[in-house]
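Q: I should like to learn how to read the features of a model such as this one. Could we work through them in turn?

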Amino acid sequence: MEAGERTLDEYRHAYAAAFDRSRCTGRPAYLRRELRQGWRAKLPVYVLWCEDCGIHTVTHPAGYGRIHCRGCRRHEKVLTWVRFRDKQAPLMLYLLAAALLVLSWLFAR
Ligand SMILES: [Zn+2]
């Protein structure tokens, strides 16, 4: 069930709401995590509606959360875990440093 790529019609049937949402918003809509042939891990799969081509594309994000239209290659961005992690990492380090500072202050007394 998990393996293998579905046809666009199968996706459209199974995820009609997501297809509609992408068409309304012009943004990629999340479908599910999927393991395809040749992939080492499950990846999130999105549907993207392209106004210019008038077609849906079902694909996974390429580098840094870009979903490309299969017709014109125009891309929309989605927030993937990798992007989220890269954005949040400096903030987490800062908070960690602050926490250590407070701890050392408490124990120094
Ligand atoms: Zn397009």
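Q: Is Gly 65 buried or exposed?
A: A residue is called buried when its relative accessible area is under 20%. In this predicted model, Gly 65 has 2% relative accessibility and therefore counts as buried. Gly 65 belongs to the loop between S3 and S4. Its C-alpha atom is separated by 9.5 Å from that of His 75, a residue ten places away along the chain.

Q: Which residues donate to the zinc ion?
A: Donors are sought among N, O and S atoms within 2.8 Å of the metal. Here the protein donors are the SG atoms of Cys 50, Cys 53, Cys 69 and Cys 72, which lie 2.2 to 2.4 Å from the zinc ion. Along the sequence, these donor residues follow the spacing C-x2-C-x15-C-x2-C. Distant parts of the chain are linked in this way: Cys 50 lies in strand S2, while Cys 69, 19 residues apart from it, lies in the loop between strand S4 (66-68) and strand S5 (75-77). Cys 50 and Cys 69 are both buried.

Q: Why is the arrangement around the zinc ion tetrahedral?
A: Four donors count as tetrahedral if all angles lie between 85 and 135 degrees. The four donor atoms around the zinc ion subtend angles of 108 to 111 degrees, so the arrangement is tetrahedral.

Q: In what order do the three strands of the open sheet stand?
A: A sheet is read from the bridges that pair its strands, at least two for each pair. In this case the order is S1-S2-S3, with antiparallel pairing. Strands S1 (29-34) and S3 (55-59) stand at the edges; each has a single partner strand, so one side of each is left without a neighbour in the sheet. From one strand to the next, the twist averages 20 degrees.

Q: How many bridges join strand S2 to S3?
A: Strand S2, residues 43-50, is joined to S3 by five bridges, and the two run antiparallel. One example is Tyr 46, whose bridge partner in S3 is Thr 59.

Q: Which residues make up the largest nonpolar core?
A: Such a core gathers buried nonpolar residues joined through side-chain atoms within 4.5 Å. The largest here has nine residues, namely Tyr 11, Tyr 15, Ala 18, Phe 19, Ala 29, Leu 31, Val 45, Val 47 and Val 58. Helix H2 (16-25), S1 and S2 each supply at least two residues of this core.

Q: What does Ala 29 touch?
A: Leaving aside residues up to four places away in sequence, Ala 29 touches Ala 18, Arg 21, Ser 22, Val 45, Tyr 46 and Val 47.

Methods:
Residues numbered from 1 in each chain as written. Predicted model: local features only at pLDDT ≥ 70, side-chain atom pairs only at ≥ 80, totals over all residues. Heavy atoms only, no water. Helix = DSSP H or I, 4+ residues; strand = E, 2+ residues; numbered from the N terminus. Axes fitted to C-alpha atoms, helices over the stretch in contact; angles between N-to-C directions. Donors = N, O, S within 2.8 Å, 3.2 Å for Na, K, Ca; no water. Tetrahedral: all angles 85-135°; square planar, octahedral: opposite > 155°, others 65-115°. Buried < 20%, exposed > 50% of the residue type's maximum accessible area, 1.4 Å probe, protein only. Contact = heavy atoms within 4.5 Å.
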